[in-house]
Amino acid sequence: MIEQMKKIWMDGKLIDWDQACVHVLTHTLHYGMGVFEGIRCYRCASGRSAVFRLEDHLDRLLSSAHIATITIPFSKEELEEAVLLTLKANDLEEGYIRPIAFIAESSMGVYPKDYKVRVAVAVWPWGAYLGEEGVRNGIRAKISSFTRHHVNVSMTKAKICGNYANSFLAKKEAVDAGYDEAILLDTEGYVCEASGENIFIVRKRVLKTPPLASILPGVTRDAVLHIASDMDVRVVEERFTRDELYSADEAFLTGTAAEITPIREVDGRKMGKNPPGEITRSLRKRFFDIVRGKDERYLSWLTFL
């Protein structure tokens, strides 16, 4: 359950948590056409709190809306102010941030010609998405029987609400089978991404991740690519197969919720000799140093409250 907070920002103003309601005929509830983001705020070593890569997340939100032909009635600057205001109003020093834009109640056809777009920002405390044990020692993953979206069926570069029905089905299948997370293949059978995370593998000290073809361009994924390059880790963005995943020395997932979570097993096959591996551990340590403001080279990634 989400821990109830005091306020939610909705359509330009802060309202009480319990008052942030929508009608049962809200169009997005029926047809899934809305866009959202997942963002994290961290308490830094200095004692101040900072939002990690806020501008990049808001750029992706606006890009998602543009792809989905939804016009968000607030500027990027107004949305940034809304995020910071909501965090302060709830006295939240560290936690999760969920901006969402959706189509309000209107005519109930698939495409309503005249409609209003509503926007909300909610925040709440949220620890490790895949569990503290998973962050430390790795999770168990399963190759899903569900295929990831084709690039011309769903708009894979947009974080559209309805796209996540695919993720729900894959995740439920994996959890019901006793695993922690699902890994989906693309329509040509190559490893694509997890239900809500990007995926990386390490083979012979080379870091590899699927290219931006049918995957969501993850903000944490991008951060890892930059960090790895600065650490002189060779990075390759190219397709790989499930048997290459099985034989990898290391593997991990990245995402705002999951942060950097190692994979210790896929379909009953242990990853490497002693997961999490050396490169995964090094990247994870550097990542958490960065989000907590301990690395001055990356302070531009932080928006302080």
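**Loops, a β-α-β unit, helix α2 and enclosed spaces**

In the predicted model, Asp 267 is placed in the loop between β15 (259-266) and β16. Its phi is near 50°, a positive value in a residue other than glycine. With a relative accessibility of 19%, under the 20% limit for burial, Asp 267 counts as buried. A positive phi, of about 50°, is also found at Asp 91, again not a glycine. Asp 91 belongs to the loop between α3 (76-89) and β6. In contrast to Asp 267, which is buried, Asp 91 counts as exposed because its relative accessibility is 57%. A further backbone feature is the cis peptide bond between Pro 275 and Pro 276, with omega at about 0°. Pro 276 lies in the loop that runs between β16 (269-270) and α8 (278-291).

Strands β12 (residues 206-209) and β13 (residues 234-237) are paired in the parallel sense over four bridges. Within this pair, Lys 208 stands opposite Val 236 of β13. Together with helix α6 (residues 219-230), β12 and β13 form a right-handed β-α-β unit.

Helix α2 comprises 14 residues (residues 54-67), and at 1.5 Å a residue a span of 20 Å is expected. The C-alpha atoms at its ends are 20 Å apart, in agreement with that expectation. The buried residues in α2 are Leu 54, His 57, Leu 58, Arg 60, Leu 61, Ser 64 and Ala 65. These residues lie on the same side of α2, because they cover an arc of only 155° around the axis. Just after the helix, Thr 69 adopts a positive phi of about 60°.

Enclosed and open spaces were also examined. The largest pocket has a volume of about 1200 Å³. It is lined by 50 residues, of which Phe 36, Tyr 96, Arg 98, Ile 100 and Lys 159 are the closest to its centre. Strand β6 (residues 95-103) supplies the largest share of this lining, with four residues.

One cavity of 30 Å³ or more is present in the structure. The largest cavity holds about 50 Å³ of space. Strand β4 (residues 39-43) gives the most to the lining of this cavity, namely three residues. The lining residues include Ile 39, Arg 40 and Tyr 42, together with Phe 52, Thr 220, Gly 255, Thr 256, Glu 259 and Phe 287. His 57, one of the buried residues in α2, also lines the largest cavity.

Methods
Residues numbered from 1 in each chain as written. Predicted model: local features only at pLDDT ≥ 70, side-chain atom pairs only at ≥ 80, totals over all residues. Heavy atoms only, no water. Pairing = 2+ DSSP bridges. Helix = DSSP H or I, 4+ residues; strand = E, 2+ residues; numbered from the N terminus. Right-handed = clockwise from strand over helix to strand, strands pointing away. Expected span 1.5 Å × (residues − 1). Buried < 20%, exposed > 50% of the residue type's maximum accessible area, 1.4 Å probe, protein only. Arc of directions from axis to C-beta. 1 Å grid on protein atoms, 1.4 Å probe; cavity = no way out; pocket = protein on both sides within 12 Å on 5 of 7 lines; lining within 4 Å. Points joined across faces, edges and corners; volume = space filled by probe spheres on them.
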